[in-house]
Amino acid sequence: MASADVNLVLAYIAKQPSGAQPVLQRVRRIIRKVLPDAEETISYQIPTYNLHGQYVVYFAGWKQHWSLYPVTEPVRSALGSELKSYELSKGTIRFPLADPVPAKLVERIVRELARAAEGRMRAKVSSASKRDGRRRRTRR
C-alpha cells in the first residue's frame with residue numbers, strides 16, 4: 001500500500017466534519033481488517049480499496065450519514081434482512097452518523113464485495129486465456 005495513497009485517505013477523513021471523522025476512521029479500520037492486502041487509494045474523490053486490480057469497496061462521509069458502495073444485488077440478497085433498517089438506493093447503503101457503526105455488518109458487506117471482486121478477476125483471467133487460446137489456434 002503506497003503511503004501517498006494512505007495519506008490521501010487520511011486527508012479525506014480529516015476534511016470531513018469533526019463528528020464524522022471518528023466514524024470514518026472506524027469504517028476504515030474495519031475495511032483494512034477485512035482486506036489487509038488491499039490497495040488503499042482515492043477514486044471518484046472517495047476512499048477506495050482494490051485487490052489485484054479489482055475495486056472492492058468505496059466509502060464516503062456526508063453531513064448526516066456515511067455510505068458504502070457498491071452494494072450490489074448479490075450483496076443485498078445475501079444480507080437482505082440485515083440491511084432492512086438502512087437506507088438503500090442503487091448501489092449504495094447509507095448509515096446514519098448518529099448511530100454506532102455496525103461493525104459485523106460492515107465486515108460481512110466487505111467480505112461479500114471481496115468475493116464479487118475475486119469472481120470478476122477470475123472471469124477476466126478466464127476470458128483472457130480463451131482469447132489467447134483462439135489466437136494460437138488461428139496462427140497454426
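Select the hairpin of β2 and β3 in this predicted model, where two residues lie between the strands and His52 takes a positive phi near 50 degrees. The two strands, β2 (residues 46–51) and β3 (residues 54–61), pair in the antiparallel sense over four bridges, and if you pick Tyr49 you will find that its bridge partner in β3 is Val57.

Stay with β2 and colour it by accessibility: six of its six residues are buried, so the strand is largely enclosed by the rest of the structure.

Next, move to β1 (residues 39–43), which runs antiparallel to β2 and is joined to it by five bridges. Glu39 can be selected together with Asn50 of β2, since the former stands opposite the latter. The hairpin that β1 and β2 form has two residues between the strands, and Tyr44 in its turn has a positive phi of about 55 degrees.

Now show the whole sheet. It is an open sheet of six strands in the order β1-β2-β3-β4-β6-β5, with antiparallel pairing, and its edge strands are β1 and β5 (87–89), each of which pairs on one side only. Direction ignored, neighbouring strands here are turned by 25 degrees against each other on average. Farther along that order, select β4 (residues 65–71) and β6 (residues 91–96), which pair in the antiparallel sense over five bridges; within this pairing, Ser67 has Arg94 in β6 as its bridge partner.

Add helix α2, which packs on the sheet and touches β1, β2, β3 and β4, its direction making about 165 degrees with that of β3. The helix covers residues 21–34, and its 14 residues should span 20 Å at 1.5 Å a residue, which agrees with the 20 Å between its end C-alpha atoms. Which residues of α2 are buried? Select Val23, Leu24, Val27, Arg28, Ile30, Ile31 and Val34 to display them; because they cover an arc of only 160 degrees around the axis, they lie on the same side of α2. Arg28, one of these buried residues, also belongs to a network of salt bridges that links it with Arg32 and Glu40.

For a second helix against the sheet, select α3 (residues 73–83), which lies across β4, β5 and β6 and runs at about 140 degrees to β4.

The last part of the tour follows the charged side chains, for which a search of the whole structure finds seven salt bridges. In one of them, Glu82 meets Arg108, with the closest N and O atoms 2.1 Å apart. This pair links distant parts of the chain, as Glu82 sits in α3 and Arg108 in helix α4 (residues 103–139), 26 residues apart. Glu82 counts as partly exposed at 32% relative accessibility, and Arg108 is likewise partly exposed, with a relative accessible area of 35%.

Continue into α4 and select Arg111 with Glu107, which form a salt bridge whose closest N and O atoms are 3.6 Å apart. Why are they separated by about one helical turn? The reason is that Arg111 and Glu107 are four residues apart in α4. An α-helix has 3.6 residues a turn, so residues three or four places apart point the same way. Is Glu107 buried or exposed? At 8% relative accessibility, Glu107 counts as buried, whereas Arg111 is partly exposed, with a relative accessible area of 38%.

End with Glu112 and Arg115, whose side chains meet in a salt bridge at 2.9 Å, N to O; both lie in α4, three residues apart, about one turn of the helix.

Key:
Residues numbered from 1 in each chain as written. Predicted model: local features only at pLDDT ≥ 70, side-chain atom pairs only at ≥ 80, totals over all residues. Heavy atoms only, no water. Salt bridge = Lys/Arg side-chain N within 4 Å of Asp/Glu carboxyl O. Buried < 20%, exposed > 50% of the residue type's maximum accessible area, 1.4 Å probe, protein only. Expected span 1.5 Å × (residues − 1). Arc of directions from axis to C-beta. Pairing = 2+ DSSP bridges. Axes fitted to C-alpha atoms, helices over the stretch in contact; angles between N-to-C directions. Contact = heavy atoms within 4.5 Å.
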